[in-house]
Structure formats: structure tokens, C-alpha cells
Amino acid sequence: MTEKALRLGTRRSKLAMAQSGQVADAVSQVTGRPVELVEITTYGDVSREHLAQIGGTGVFVAALREALLRGEVDFAVHSLKDLPTTQPDGLVLAAVPEREDPRDVIVARDALKFTDLPRGARIGTGAPRRMAQLNAYARAHGLDIETVPIRGNVDTRIGYVRKGELDAVVLAAAGLNRIGRSDEVTDVLSVDTVLPAPGQGALAIECRAGNTAQDSALIAALGELDDPFTRAAVTAERSLLAALEAGCSAPVGALADFLAGGQTVKEMRLRGVVGTTDGSTLVQLSTTGPVPTTHEAALALGRELATEMLAQGAAGLMGERAH
């Protein structure tokens, strides 16, 4: 008798379906059970408002979590950067698989690179974080750009460039890689130019906390997909975000990466940035320490850097503090 299929809750976007499909294959391999995708529409998918106006954090996540808690799906896959920093009761982050490329990329007309865009170039992005850093870079390097707020899926965003409405759009490398469209990238933005969103490029696999033997068995199976380095990195990044009391629509960038000595990973460096969207003021700091071996150590690294950033005036740069 074949075991009952596991139900994976996913958003309906092309990107969400692609990344959920990849996770479904991996879960099928570790559990030996078929996995079926259950498509769920979230508020963030149907609202046409800008993310900053509808609250940013959690708008793509709440419906998936409700379906999990109601038992309509067995586990869910999220883009980690969409997850609120507080973990709800009754649910557990069972796995954070190895991260894709965390960087931001540009898709520009005429295959242009960011620094080759013409004066007055219009660059589309929905993220205050990207606006703040692109505008700061432009100010520092004598470039003349205008950042334009946009929403929509990958096709919609790239469509603005193809139709000539914008000179370029900024997207996450990971998303384009996952849907097989990385060949459309005209420039990769160095993390020294634009720090990604906390958790960017990583996925979160969430399921119910182990109240039953089935839940516990699923947590254990999903745990085989966990990458400890990715988990440590994103835990520190999200801890920084939480300590700044910022939602995912706030202009905060963070990236933890690993510094190797020979073949072994010796240290983890965490970088954070927060700025005004016009790029006139940025607070950008980093800290380096031993690779965290516990969840608490990763959280502490994020909090420590946030404290330093707040001491340098980061709080005043985030507009409305998220509550």
C-alpha cells in the first residue's frame, strides 16, 4: 500500500510554485512518500497596494500558516525573507535548506550594467531597502538615478523594462535562478553596493510543532534538509531585524557570511545597513565572531550589531517603527 501523500502548502506565484516543487522533490526523497502541492492565495498576492502600506511582514505568510494550524496542509514552504521574525505558537521551522545566491541583480535595457545606466535612469523596485542603498551608492559615485516603486511578479517587473517604461528593475538573484531566468540578468549587484534583505535567497520549511507522533516524524524527516550554516546565518540576520524592531518592508539590509581559513569555516561576519530611502543617510556596520554553534549564539550576534546600529542613529531612519 502506498503511503498517503504529504500536502505541501504554497503560494500560487510562478516563483513560489517553482521553489515548492524543488522542496517537494527533496522531501519525497527523504520520506519515500509522494508530495502534492496545495495552492493557497495570500493577502499579499491579491492586494495591489505597496508592501510598505499593507504592513510588509507576514502578508504572504498568514494564509499558509492558518492552513497549517487547521490541518489542511502538512507543511509549508516560504521565502524566508517574507517570514515575520516571531515564530507563532504551534508551528516550528523544521528546516532551512542550503541558501541560493542572496544577492540582488539588475535587469536593464540594452544589457546595461548599473553603473552604465544613462543620467536620470528610472530603476524600479518595491523595496525601501534597495532604494536606500541604490540612492546612497548613486550619491557617492555621482550617478543620477530615480528609484520608482513597483509591485508584481517577475514577468510584470521585467515587463516594465521590455516595454520601455523603466530603464531597469532590481530583483533577487535567487528567484530568477529558481525559475530558470538568470540569463536575463544584466548586472549582479555586489553585496558591498546593496546588502540583501535578511534571509534573502533562503527558504523556510515550516510544519506543526510535534504534538503527535506523525508531527514528530515529519519534523525529523524535514530536518534532514536543514543546512546548519544557512540556519546560523539567517538566524543572525533576522535577529538583527527583530532587534531593530523593523518589519520586512523597512529599509534594512543584512547578510551573514562565513570566512574560511583553508578548508575550514572559521568565523561568521554579519553586516547590517539601514537608511533613508533617498540614500542621504545610511548606518552601515559589521561584526565578526566565531561561527555560532547554538541558536542563542546566532541570535546574540544579531542583537549585538543592532545595538551598535541603534547607538549610531538607526532608529530614526526607519520611518514608522513596526509594532
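Here are three short exercises, with worked solutions, on a predicted model.

**Exercise 1: the largest nonpolar core**

Find out which helices and strands each supply at least two residues of the largest nonpolar core, and which one gives the largest share.

*Solution.*
- Step 1: Start with the core itself, which has 19 residues. Those touching the most other members are Leu240, Leu244, Met268, Leu270, Val274, Leu305 and Met309.
- Step 2: Now look for the elements behind the core. At least two residues each come from helix 9 (228-243), strand 11 (252-261), strand 12 (264-275), strand 13 (282-290) and helix 10 (295-311).
- Step 3: Pick out the largest share: helix 9 gives five residues.
- Step 4: Do not stop at one core! Val23, Val77, Cys207 and Leu218 are among the 16 residues of a second, separate core.

**Exercise 2: around Leu305**

List the residues in contact with Leu305, leaving aside neighbours within four places in sequence.

*Solution.*
- Step 1: Set the cut-off: contact means heavy atoms within 4.5 Å.
- Step 2: With sequence neighbours within four places left out, Leu305 contacts Leu240, Leu270, Arg271, Gly272, Leu285, Ser286 and Thr287.

**Exercise 3: two hairpins**

Work out how strand 12 pairs with strand 11 and with strand 13.

*Solution.*
- Step 1: Strands 11 and 12 are antiparallel, with 10 bridges. Across this pairing, Ala260 faces Val265 of strand 12.
- Step 2: Their hairpin has two residues between the strands, and Gly262 has a positive phi near 65 degrees.
- Step 3: Strands 12 and 13 are also antiparallel, over nine bridges. Here Glu267 has Pro290 of strand 13 as its bridge partner.
- Step 4: This hairpin has six residues between its strands, and Gly279 in the turn shows a positive phi of about 80 degrees.

Note on methods: Residues are numbered from 1 along each chain as its sequence is written. This is a predicted model: local features need pLDDT of at least 70, side-chain atom pairs count only at pLDDT 80 or more; totals for chains, interfaces and linings use all residues. Side-chain values use heavy atoms; hydrogens and water are left out. A nonpolar core is a set of buried Ala, Val, Leu, Ile, Met, Phe, Trp, Tyr and Cys residues joined through side-chain atoms within 4.5 Å. Buried means under 20% relative accessible area, exposed over 50%, partly exposed in between (1.4 Å probe, protein chains only). Helices (H or I, at least four residues) and strands (E, at least two) are DSSP runs, numbered from the N terminus. Two strands pair if DSSP finds at least two bridges between them.
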